[in-house]
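Please open the model in your viewer and keep the selection panel at hand, as the stops below are meant to be followed in order.

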Amino acid sequence: MTKSEPDYAQPVGLDVGTSRIVVARNAERKYQYEAELNAFVTLPHSKLAESLLQRESVFHEVQGSEMVVAGNDAQKFAEVFHVETRRPMRNGVLNPLEPHSLAVVRRIITKLVGRPAVEGQKVFFSVPAAGPDGEGGIAYHEASIRQILTDLGYDASPIEEGLAVVFGELGGCNYTGIGISCGSGLCNVCLAVLSVPVISFSVPRAGDYIDSKAAEVTGELATRLRIQKEQSFFLNGLNGDRVQNALTVYYEEMIAHLVDALRGHISATQRLPKLDQAIPLVLSGGTAMPRGFIDLFGKVLRASDFPVKLSEVRMSSDALNSTARGALMAALC
Ligand SMILES: Nc1ncnc2c1ncn2[C@@H]1O[C@H](COP(=O)(O)OP(=O)(O)OP(=O)(O)O)[C@@H](O)[C@H]1O
Ligand SMILES: [Mg+2]
């Protein structure tokens, strides 16, 4: 094994996210990540097109009269052919309205994790926590992902995404604190004490919500807004630019909603363990990345009483990989 080469026989962490699937592996003295977009496009099948895809090593599969291009290659194809990418998941779980959902997720997961290197190799995979409407298909989603991994030969266990953030970020605090992942379909939250989850929940307002609401009011395409948001958006009040303003309004709404939900869940928990010390709160996920996010989050948090004492509110130093890293750390325990 060279210095940066991962040890393929060790446990694996897998973040099955609404917009990205990330695998984390243990390499000597650091973690290594690989990610694929959780998206696909379909093209009409022809012998010529198929041989071109093969020649260019494009990640694809022929299904009847269609060719399905999945993962990172889907984005390139969508741009070349001016089509929208489709997504196998919505709001943190397999999308029931998308007939290709399970097959595409299986292909992407198989590409990322491969077959186990040793018998009974462990993998921990992220799952969302229940939202305001309850279970929302999580049991089916979890069983489906577990099946994909056991079919490959892994010993697979689910871990809630918020708890994965606690594992990934709060090792230095005895795994006690609040982990939040602001993703694309959901924000997942977990308050854990000594690695035991005490409160876990999700709210269905995150990146996709911001994109679609801002698209609605500006008349732009949601994908356009997403690209602009990821490339140049920062949170610093309204400044006259239509798109920037629309994104700001819905970012502010999302943050207010998340902090409200956090306050509400903690206040409503009757048997909260006695916490002697203030606890840290860590934010991760792509939606927490714009400049100004943490400042606004902190401001909203401080605007009224918070039911537990916080020692710090900080941003993950590797927000897009935090869930996969936490799943790996849980698998290594
Ligand atoms: N630099 C950035 N600035 C703003 N938003 C970003 C940035 N990078 C990614 N995003 C947004 O973050 C979201 C993806 O984040 P992430 O990969 O954490 O989600 P996910 O894990 O796939 O989704 P979920 O956890 O909800 O299932 C998308 O909405 C994307 O547009
Ligand atoms: Mg996520």
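Helices, as named on this tour, are DSSP runs of H or I that hold at least four residues, and they are numbered from the N terminus. Bear in mind throughout that the model is predicted.

Begin by selecting residues 72–81, which make up helix H2, and pick out Phe-81 within this helix. Phe-81 counts as partly exposed, because its relative accessibility is 45% and that class covers values between 20% and 50%. If you add Val-58 to the selection, you will find its C-alpha atom 15 Å from that of Phe-81, with the two positions 23 residues apart along the chain.

Next, turn to the aromatic rings, of which the structure holds four pairs. Select Tyr-251 and Phe-293, whose rings meet edge-to-face, with 6.0 Å from centre to centre and 80 degrees between the planes. This pair links distant parts of the chain, since Tyr-251 belongs to helix H8 (residues 242–268) and Phe-293 to helix H9 (residues 293–302), 42 residues apart. Both rings belong to buried residues, Tyr-251 having a relative accessible area of 1% and Phe-293 a relative accessibility of 0%.

Keep Phe-293 selected and add Phe-297, with which Phe-293 forms a stacked pair at 6.4 Å centre to centre and 15 degrees between the planes. These two residues are separated by about one helical turn, because they are four residues apart in helix H9. Phe-297 is likewise buried, at 0% relative accessibility. Adding Phe-233 completes the view of a cluster in which ring pairs link Phe-233, Tyr-251, Phe-293 and Phe-297.

Now widen the selection to the surroundings of Phe-297, which touches Ile-180, Ile-255, Leu-258, Val-259, Leu-281, Leu-283 and Val-313, leaving aside residues up to four places away in sequence. Phe-293 and Phe-297 are among the residues with the most contacts inside the largest nonpolar core, which has 39 residues. Several elements each supply at least two residues of this core, including strand E11 (177–182), helix H6 (207–218) and strand E14 (279–284), while the largest share, twelve residues, comes from H8. Apart from this core lies another, of 26 residues, where Val-68, Met-89, Ile-109 and Phe-125 are among those to select.

Finish with two places where a charged side chain meets a ring. Select Lys-111 with Phe-59, where the charged end of the lysine sits over the ring, 4.7 Å from its centre. Then select Arg-291, which lies over the face of Phe-234 at 4.7 Å from the ring centre.

Key: Residues numbered from 1 in each chain as written. Chains lettered and ligands numbered in written order. Predicted model: local features only at pLDDT ≥ 70, side-chain atom pairs only at ≥ 80, totals over all residues. Heavy atoms only, no water. Phe/Tyr/Trp six-rings, centres within 6.5 Å; stacked < 30°, edge-to-face > 60°. Buried < 20%, exposed > 50% of the residue type's maximum accessible area, 1.4 Å probe, protein only. Lys NZ or Arg CZ within 6 Å of the ring centre and 35° of its normal. Core = buried A, V, L, I, M, F, W, Y, C linked by side-chain atoms within 4.5 Å. Contact = heavy atoms within 4.5 Å.
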